[in-house]
Every structure is written in C-alpha cells, then in structure tokens.
2 protein chains.
Amino acid sequence: MIKANLFYAQSGGVTSVINASACGVIETARQHRDKIGKVYAGRNGIVGALKEELIDTSRESAKTIAALRSTPAGAFGSCRYKLKSYAENKREYERLMDVFQAHNIRYFLYNGGGDSQDTANKISQLSLEKGFPITCIGIPKTVDNDLPITDNCPGFGSVAKYVAVSIREAGLDVASMCESSTKVFVMEVMGRHAGWIAGAAGLASEEEGDAPHIILFPEIPFNKQKFLRKVKSCVRKYGYCAIVVSEGAQHANGTFLADAGGADAFGHVQLGGVAPFVAQLIKAELGYKYHWAVADYLQRSARHIASATDVEQAYAVGRAAVEFALEGKNAVMPIIIRGKGKKYTWRIGEARLVDVANVEKTMPRNYIRSDGFHITAAARAYFSPLIQGEDYPVFKNGIPQYARLKKRLVGKKLKKWKAN
Amino acid sequence: MIKANLFYAQSGGVTSVINASACGVIETARQHRDKIGKVYAGRNGIVGALKEELIDTSRESAKTIAALRSTPAGAFGSCRYKLKSYAENKREYERLMDVFQAHNIRYFLYNGGGDSQDTANKISQLSLEKGFPITCIGIPKTVDNDLPITDNCPGFGSVAKYVAVSIREAGLDVASMCESSTKVFVMEVMGRHAGWIAGAAGLASEEEGDAPHIILFPEIPFNKQKFLRKVKSCVRKYGYCAIVVSEGAQHANGTFLADAGGADAFGHVQLGGVAPFVAQLIKAELGYKYHWAVADYLQRSARHIASATDVEQAYAVGRAAVEFALEGKNAVMPIIIRGKGKKYTWRIGEARLVDVANVEKTMPRNYIRSDGFHITAAARAYFSPLIQGEDYPVFKNGIPQYARLKKRLVGKKLKKWKAN
C-alpha cells in the first residue's frame, strides 16, 4: 500500500456529534502514519475540494483534535451540495480528481447522509475508470435517522435525547400551571420526511399522564377532528395536553400542515412554524390557552445534552472508516449493528455505498400506536438504548468550551475553480 | 413561640429551581419540629389556600423532598392570581384567615415575584389587625430577574445559562453551513419588560466573532435601518449573524415587535413569535436565508442545564425564609447580597416586603453597549457568576428523573369556597 493523504469532508445538516466522527478519523489516521500521510478536511465540505480549500488538520494539536469529540456542529464547515451525475457534470468530477491527484489524496472519507454516500460511490467508480483509484468510505451522519441498513445513524441519538428531555421538562412546567393558565403546549421538532425525532420524544412518557400526550408524525395523515378530540380528552384527563409535532406533519394530500398557515406580514408563504399553526388551531376550535416552542437548530447542536451512546458510536464509525480504508475496503460505509440479546449491545458492520445511497428509511408502522398519536412498546425498545448515558462537555465560566480550530489551508497547486 | 403549621405556596411563572426553594423550606422546617408542625403546600399556589386544598408535605418521604432540589417547574402547582386590595376583596382575605386559623397555620411563606410579595405583605398586616398574627416571609423567584434590592433572583441564573449555552451551540451550527446555506439565525428569549435574559445570552460571545452578534433588548427602541445595517455588516464580517431577541423587544412607540406581525391564518393577532417576525424582516430587506427558534417554556424548565450557583441560592433562600420565621422576623424576604471582592461571593440578607412589592428592576443602561446591540463588560461581570457551575439531575434510561409527589390533601374543615 502506498502512503497517501486522506481527504475528509462533512456534508449536509450538521449534528452535535459529527465532529466526534471527525475526531475518530483524525486520531485513528494519526496512529497510522506509515500508511496515511496527512488528513485534509474540506473547508465547507465537498465544496472545499472543488475550490482546493483543504484544511491541514496536521496543524491542529492533539488536544484540539481530542476536543472535537465534544464539539457540536461541523468544525470544518459543511454544505448542502449534491454532485450531479457524471454525465451531467463531468467537469466537477474531473476537478475533484485533479485536486486529489495534485495533493496525493488516495482516501476519501465522506461524512453525511444518503446523498453523500451516493456521491462517494460515484467518485469511487470514476476514480477506477480514470486510473487514479481513490478509496472511498462513507461515514453515516444524520439527525433524521433515515439511512437504511444501519440500525441507527450517529447524530440521531443526541437529538432524540434532547427532545425527550425537553418535552419532559416543559411538560412539568405546563402541568404546574394548567389549572389557571396554559393548557396546551406544542413543541415542534425536526424530521421533514420521517417521524424518528418526534417519536423519540415519546420516551419521556414513562408513566400514565406524562408528557408528551400526543405526537404528530409525518407518516400519519393529519385528521383534524380526531386530533381535536384527543386534545380535549387529554385536557380533561390530565389538566393539560403536551404535543410534539414533527415539522413534516402533513395532510392526507401530502401538503405540510405548516404550509397551510397562509402568508406572513410580508406576503410570503410562511416556512416552518407548524407549532404555532397547531397551537392556534386548538385555540380557535377549543379555546385553550397555549404556548409553543420551536427548537430548530438548538435540538441538533445541543452537545451539552448529547447521548453518550451516540457520541461513542459517532467516534466509532469515524475510526472504522479509517480502518476499512487501511484494510483495502472500498465503496463501503461502517454501520451500527444491534445485538440480538435483551441487553443492548452494538458492533460495527459494513454496508455497500450502492445499497445506502438515496434510500430513505421511515418509521415502521408498528412503531406508531394504532391511534396514530404515540409510540408503541416496540418503538420504545428501539429508541431507548440510543439516548443512554450523558457525555458532558467541559465547562468554563459556566458555558461549554468547544474546540477552536486554526483551519490553516494547504497551499494551492491548481488554477482557481469556477463554478458553472 | 407556639408550635404551629407552615403554609408554603408557589406563585406565578415557574422556574427550573423554584422547587429547590421548596426543598430548602421543607428540609429546614423538618429540622425544627419543636416549633413548626407540618408544612402544607398550596395546591396550585394561593388558590389552594382559598379552596382549602392543602398538600400535606409530611406524607412525602425525605428522599422525595430531597429530589425536589433537582426538579424543575412547580411541584405543588402554581398560579397567576393576584389578590386585590383588602378594600376591594375583603372576602378573599378573610377566607385565607379562616383557612389559616382552621389549620393552625401561623407561618406563610410565599415563593414568587413582586406581586406575590405584595400579597404576602398585605396578609401580614391584616393578620395583625385580625388578632391572628401570621408570620409572612417572601421567597424570591423569577426568571425575569426583575426584583429590586436583591442582587439577583433565583431562577434567573439557570435560564441565563440555558440561553448562553443554546446560542453558543446554535451559533456553531450556523457557522458550519453559512457559506452555502442559512446566514441568519434568530433566537427568541423571555423577558417581557426587561432584557436580563436576552443580555445573559451575550455571555456566549467570549471571542471576536462568537455568537450572538446582536441582542435586541426591550430597553432599546427598535431601529429598523440601524438593525439591518448591523445584520449586513455581521454577515460580511463573520459569514453569518446570530441574533438573540427578547420577546419584549419594542418600537419607539412602545408596541411590541411581535405585535406588528399582523394576523394569523385565523384572523387573530399573533401572540409571541418575535423571532419569525425579525427573521422574515431580514429576508424581505436583505434576502438572507434564515432559521429561527423560540425556546419558550424550554428555557425556564431546563433543569438539566441549571446553574449550580442558582440552585444553591434557590435552596438557600428557602432555608433562610424558615430561619427568618423562627427568628421572629416578619414581612421580610431573604435576598442575595453580592460580596464586594473581585472573586464572586454571596450571602443572604433581608429586605422588607413593602420595599420589594411591585417594583420592577430593568437592565441599567451601562449594561448595554452604546450601540444598543450587545452587553458591556460591566454586564458580563454581573451575569457571569450567576451561571457558574453545573448541577446535573439524576438520569435513568437516558432521561432525567424528577420528583413524583403523592400530593395528599389535608382533610377539609371549612365550607366549600366559591370564587366571585
């Protein structure tokens, strides 16, 4: 095996543990200096490769790299940028090849969701055709938990923990005051196409009457009358009703609830904000006083309440990606395999990129209660291990101290890249 | 001193540490069984006294009471209920006297904000006139930090920590992706009349370029053009702009920014939601892609990220309230006094309820930077000690375990109360 450099890029929406994967990649690569030269990270993801903006991670101290393990968001920058097919955009692929060749990059580790694994797969194939083979390994990442084959996606466990903790706490707040004040609380969570995040919030209801009382999933078409009846019955029974709504909650015709809110003060169609929509619907139809929250980025960056299991798995897939590359594997992605025993165990397995690319895994119907408003015991058994353990960052002056990188770029060797 | 029972009530909006005060009250009272009989807690606050719904805390185990220290929200229930003046509503005051007399209650500890201290003060006076003297002690509580005399209010330090941590984390998220995606992030925080909470978020910016870049205070009239120029300059300089806006942010004429958003889909004037308003204003005028978050109750119930200093002070004012009562003090409230040294120290002092009642403390102008968009070094020095230390609750199954009380009511002795 020739000694060559490794290129690592973060892709798509960031998570509170994607940097733990980066940490796993860089620390593992540093243990194999005989085979891996430098680890370059794309500045703002794959776009950094196109622009030849390569961050030289060797300029970062071991301490800084270790701190990545407990730093949220994308430390090297990420982007939503999907390469088109080779036929459609030959120029981009050839540019990537040029950059990799110019910097002796023979390993490409792409940390992202389904789209990214598709890209990594294409580059792997192309590099073979071009006679400059690149070992391409995917590293799973997504808060949405929608990748196939892997039992779960790093990034998901922490957002799951955040939403479960948050609805438990806010639920107690509402319960305190519901007799004379707010009776309905609506918390909006992420998950445009799948209800994994919304479902995980259901873990907070451990005993009869615990929040959340209702979960609105994208998988279950919204039925206004049935929903309102349920809200009313919760208020009667428990004094209040705590609702978790997925941003992807939709009508039977596939339009998002959030889109039904009409135009805002400027005449724009309102984006996001399904929580205020649901809250106002309840107020209009049932008259209950409401409050609502939209956690938005707070939920996917909340490293302070990350799941220790998630952090460990995120690190492990980063480490495994380097090990796979060193073992000569190609066009694969490390995945999490759940043990079959009653006690939760997991190990790293592998999936072919071609099987992972562009497949979206939604919540199985048997994870959703038959009335469509909560999770089942099967879902609970699936979710629960993923939020186990706390992995607190270091605090100084009362606030978490996250890695601050130098992000020094490698000297450029090629002509400036012009996007189409 | 005759042995008598103690009545404790929680009042107004709850916090993540008000139960720590309750814990301080009950644990301290239990150490003085020679003087204090039982501790009764009002079910849903003072309304519980009117309805003769008294929770017998002696039925709760020492373990459960200890768990209150790390349980958010109001464990006994709270309410927003301000007693009118005696002249206006003689009946209510006399009912309270009847209930106190019927249950041999000679100590009344009222855990709330300025309104509540006013009520406690009135009851103290009236009880003397009626010849059934009640020792009335206030216990400070408010996330808004707007009580006078005391250096700070228990409840505030934890919400301050939550907003500082949250904007740091979300800021990193936005920074990761701003080159190709979201450039503006707006986080709405509580504080209808004072910018204390918004200001505390400023602690997150420890180095040049750190989020938040802009804070909108209720104390500073909103200047649209100046604000938009500032947003633009932040995006140019840092690539993105992270904004914290107080729900109380207002125009020069005193109307809330949030009210300017017009009516919603149902024709109601939109309540809350200043974050989407600000975000959409920026989009309309500058074209930047935005995201926004409204933490709402999440911020004041986030016991999982409470300030250890705040928890300690909340417990201490609860304990001190009982000690004051035992020392024969009356119509006073324990307060936090800050030491004069460079190193932060604090001790318990006292204030007369009459001096605390109905006075609202806003941010001093010298805590706000001259351009009106951030905090000064003086503010930083004030805020920073209040968010120090972490005091994590116990987790089980990945979620915090909070006290579950029996809340057994004492047998009623009086006729049913009918509200007017």
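Here is a short conversation about how two chains of a predicted model are related and meet, and about one helix in chain B.

Reader: Happy to start with symmetry: what relation links chain A and chain B?
Author: Glad you asked! Chain A can be laid on chain B by a turn of 180° and a shift of 0.0 Å along the axis, with an RMSD of 0.0 Å. That is the relation of a two-fold axis.

Reader: Thanks! Which C-alpha in chain A is nearest that axis?
Author: The nearest one lies 2.5 Å from the axis. In chain A, that C-alpha belongs to Val294(A).

Reader: And which element gives the most to the side of chain A that touches chain B?
Author: The contact takes 66 residues from chain A and 66 residues from chain B. On the side of chain A, the elements giving two or more residues include α9 (274-286), β9 (290-294) and α6 (156-177). With 13 residues, the one that gives the most is α6(A).

Reader: Nice. How many residues of that side are nonpolar, polar and charged?
Author: The copies meet through the same surface, because 100% of the interface residues of chain A are also interface residues in chain B. The side of chain A that touches chain B divides into 11 charged, 22 polar and 33 nonpolar.

Reader: Now for α4(B): what arc do its buried residues cover around the axis?
Author: The buried residues in this helix are Glu92(B), Tyr93(B), Leu96(B), Val99(B) and Phe100(B). They sit on the same side of α4(B), because the arc they cover around the axis is only 125°.

Reader: Last one: which residue with a positive phi follows α4(B)?
Author: Its phi is near 50°. The residue that follows α4(B) is Asn104(B).

Terms used: Residues numbered from 1 in each chain as written. Chains lettered and ligands numbered in written order. Predicted model: local features only at pLDDT ≥ 70, side-chain atom pairs only at ≥ 80, totals over all residues. Least-squares fit on C-alpha atoms with pLDDT ≥ 70 in both. Contact = placed C-beta atoms within 7 Å. Helix = DSSP H or I, 4+ residues; strand = E, 2+ residues; numbered from the N terminus. Nonpolar A, V, L, I, M, F, W, Y, C, P; charged D, E, K, R; others polar. Buried ≥ 20, exposed ≤ 12 C-beta atoms within 10 Å, placed from the backbone. Arc of directions from axis to C-beta.
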